[in-house]
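Reader: I should like to examine the ligand site in this model. Please justify each term as it arises.

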Amino acid sequence: MERSKVTIPTLVEKMQKKQPITMLTCYDYPTALLEERAGIDIILVGDSLGMTVLGYDSTLPVTMDVMVVHAQAVRRGAPTAFLIGDMPYMSYQVSIPEAIRNAGRFMAEAACDAVKLEGGRNVADVVAALTKATIPVMGHIGLTPQSIAQLGGFRAQGRDAETAVHVIEDAKNLEEAGAFAILLEAIPPEVAKVVAERASIPIIGIGAGPHTHGQLLIVHDLLGFFDRFTPKFVKKYADLNSAITQAFTAYKDDVVGGRFPEPQHNYALKAGELAKLGQLLKDKGLS
Ligand code: KIV
């Protein structure tokens, strides 16, 4: 049976009924088809694609134009999932009008259901402005990869009481600003528990323990398809790197060894045409 479109009320209902919300990143059409088929609730077109798909060292070089193209492809493959476009670096920090214009592109050009942006109290005014402009916003606090220069690298956050309070306050600020949900990245489970218990909006965790209302993983991590580094919180459900390397090597060996292509891979010349071809080539002086 086809599922109906996942909406904000669907997510809130799941939260209220204590049914865990499932969320994955996705960057392309074929993977979107599979995530849709698996019934994933929320799909995030994350700017992590800068690292997982485009090979950059961080997410900072990713632009709005790139994000929109990927979001469009994902929406074509996942018509009913709740689709979130991730606001890339400097697409919402410069000014509120620019943030609204860029977030609006995800909604208008890629049929996203919402956008996500990184930051707490420092972006509360942007969250409020986007919400007022009819664009639902998921907040993102804890480890925020766009701030690696300030954070000093990809490090867990909120590991002492003072910084934990900062995270808890940021979550409150985001909810008050109108965020429909919040993503917590790389913080201790005890801190995430406080945030989830105090919130009346869905709290999703990535590396934030079991107490959040839902879980997110980066699809390339889950599939074992990105091995430059693997965060502690990742569980690998497949080993695509090995499977794909084996397939590529077998293909190369077959071509080099003359085992591919085989007769079943060829298009047959129509009956009698080979003799005609020989004659034609002779007539044209090509044989
Ligand atoms: O870009 C992304 O995929 C993200 C996750 C790291 C949370 O923001």
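Reader: What makes the pairing of aspartate 47 with an oxygen atom of the ligand a polar contact?

Author: The model is predicted, so local features need pLDDT of at least 70 and side-chain atom pairs pLDDT 80 or more, while totals for chains, interfaces and linings use all residues. Residues are numbered from 1 along each chain as its sequence is written, and side-chain values use heavy atoms, without hydrogens and water. A polar contact is a pair of N or O atoms within 3.5 Å; within protein, one must be able to donate a hydrogen and the other to accept it, and residues adjacent in sequence count only if both atoms are side-chain atoms. A polar side-chain atom of aspartate 47 lies 2.9 Å from a ligand oxygen, so the pair qualifies.

Reader: Which distances do the side chains of serine 48 and lysine 116 show to an oxygen atom of the ligand?

Author: For an N or O atom of the serine 48 side chain the distance is 2.5 Å, and for one of lysine 116 it is 2.9 Å. The protein covers 97% of the 260 Å² of accessible area that the ligand has on its own (Shrake-Rupley method, 1.4 Å probe).

Reader: Why is lysine 116 called buried?

Author: Buried means under 20% relative accessible area (1.4 Å probe, protein chains only). Lysine 116 has 2%, and is therefore buried.

Reader: What does the side chain of lysine 116 contact within the protein?

Author: The lysine 116 side chain makes a polar contact of 2.6 Å with the side chain of histidine 140. Histidine 140 is also among the residues that surround the ligand.

Conventions: Near = heavy atom within 4 Å. Buried < 20%, exposed > 50% of the residue type's maximum accessible area, 1.4 Å probe, protein only.
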